[in-house]
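Student: I've got this chain open on my screen and I'd like to talk it through with you. Can we go residue by residue and reason it out?

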Amino acid sequence: MADLQPTLTGDTVELCPTRPEDWAGLFAIASDREIWAVHPAHDRWQEPVFRRYFEDALASGGSLTIRERLSGRIIGASRYRPDPQAPTTCEIGWTFLARDHWGGGTNREIKALMIRHILQWFDTTAFMVGETNLRSRRAMEKIGGVLTDRTQITELADGPVVHVIYEIGRDAMIAKA
């Protein structure tokens, strides 16, 4: 059985299972409207909307809170979700980071830790990205995500949103090692 809530330690970050006491630190970051400006869930900065996200994260059994290693400061969150339609695939998503960690190596380090960990049990990781979220799409390409021809439509507050799907497989990670 896959460990969906490990503690993962990198050079600059540590990912640990999300706990109810992480609420204040995560909402302090998530309340920054700019984080969600190009995201399909652009209203997630609002407390009731983020509360639903947070409660879903706790219930998911796969949510991880991201901290700076040196300071212990919460800087974001991410999540694992095995794909019920494809038992050899695990989705990594729901990721957000404090803006002072954008554009550097933080996202790459987080995703590398998560991918290496989960590919012990799955053949492929999948990433659903809002079709118009160019910032996240560029970030996926930077870490080696391969755009598939599959899409998924998700119903959000403002209506349906098309997500494109990127993948990184075990073979790609072995080739990079």
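Tutor: Sure, and keep in mind that this is a predicted model. Let's start with Ile29: with a relative accessibility of 8%, Ile29 counts as buried.

Student: Okay, and which helix is Ile29 found in?

Tutor: We've just placed Ile29 among the buried residues, at 8% relative accessibility. As for the secondary structure, the helix that holds Ile29 is H1.

Student: What does Ile29 touch, if I skip residues up to four places away in sequence?

Tutor: With those skipped, one partner of Ile29 is Ile35. Ile29 also touches Ile74, Ile75 and Gly76. That leaves the last three names on the list for Ile29: Phe96, Leu97 and Ala98.

Student: How far apart in space are Ile29 and Phe54, C-alpha to C-alpha?

Tutor: Along the sequence, Ile29 and Phe54 are 25 residues apart. In space, their C-alpha to C-alpha distance is 13 Å.

Student: Now the helices. Are H1 and H2 parallel, perpendicular or oblique to each other?

Tutor: H1 covers residues 23-30 and H2 covers residues 47-60, and their axes come within 11 Å. Those axes cross at roughly 130°. That angle is why H1 and H2 are described as oblique.

Student: Which residues of H2 make the contact with H1?

Tutor: From the H1 side, the contact is made by Trp23, Leu26, Phe27 and Ala30. Facing them from H2 are Glu47, Phe50, Arg51 and Phe54.

Student: How many residues of that contact between H1 and H2 are charged?

Tutor: Sort the contact residues by type: six are nonpolar and no polar ones turn up. The charged ones in the contact of H1 with H2 number two.

Student: And is the crossing of H1 and H2 left-handed or right-handed?

Tutor: We have the angle already, roughly 130° between the axes of H1 and H2. The handedness of the H1 and H2 crossing is right-handed.

Student: There's Arg44 in the loop between H1 and H2. Is Arg44 buried or exposed?

Tutor: Being in the loop between H1 and H2 doesn't answer that, so let's look at the accessibility of Arg44, which is 13%. The cut-off for buried is under 20%. At 13%, Arg44 therefore counts as buried.

Student: Which residues is Arg44 in contact with, leaving aside neighbours within four places in sequence?

Tutor: Ala30 is one of them, and Ala30 also belongs to the H1 side of the contact with H2. Arg44 is in contact with Phe50 too, and Phe50 is on the H2 side of that contact. The other partners of Arg44 are Trp36, His39, Val49 and Tyr53.

Student: Let's do the cysteines. Why is there no bond between Cys16 and Cys90?

Tutor: A disulfide needs the two sulfur atoms within 2.5 Å. The closest cysteine sulfur to that of Cys16 is in Cys90, and that is too far for a bond, at 18 Å.

Student: So how many disulfides does the structure hold?

Tutor: Cys90 is in no disulfide either, with the sulfur of Cys16 as its nearest. The count of disulfides in the structure is zero.

Student: What is the relative accessible area of Cys90?

Tutor: Cys16 is buried, at 18% relative accessibility. Cys90 is buried as well, and its relative accessible area is 0%.

Student: What is the phi of Trp94?

Tutor: Trp94 lies in strand S5, residues 89-97, and counts as partly exposed at 28% relative accessibility. Most residues other than glycine have a negative phi. Trp94 is not a glycine, yet its phi is positive, about 60°.

Student: Which strand does Tyr166 lie in?

Tutor: Tyr166 is buried, with a relative accessible area of 0%. Its contacts beyond four places in sequence include Phe127, Met140 and Leu147. The strand is the one spanning residues 159-169, S8.

Student: Last one: is Arg170 buried, partly exposed or exposed?

Tutor: Arg170 is found in helix H5, residues 170-176. Among the residues it touches, beyond four places in sequence, are Leu119, Trp121 and Asp123. Its relative accessibility is 29%, so Arg170 counts as partly exposed.

Definitions and conventions: Residues are numbered from 1 along each chain as its sequence is written. This is a predicted model: local features need pLDDT of at least 70, side-chain atom pairs count only at pLDDT 80 or more; totals for chains, interfaces and linings use all residues. Side-chain values use heavy atoms; hydrogens and water are left out. Axes are lines fitted to C-alpha atoms, for helices over the stretch in contact, and angles run from 0 to 180 degrees between N-to-C directions. Helices (H or I, at least four residues) and strands (E, at least two) are DSSP runs, numbered from the N terminus. Angles under 35 degrees count as roughly parallel, over 145 as roughly antiparallel, 65 to 115 as roughly perpendicular and the rest as oblique. A crossing is left-handed if the near helix is turned anticlockwise from the far one by less than a right angle, and right-handed if clockwise. Contact means heavy atoms within 4.5 Å. Ala, Val, Leu, Ile, Met, Phe, Trp, Tyr, Cys and Pro count as nonpolar, Asp, Glu, Lys and Arg as charged, and the others, Gly among them, as polar. Buried means under 20% relative accessible area, exposed over 50%, partly exposed in between (1.4 Å probe, protein chains only).
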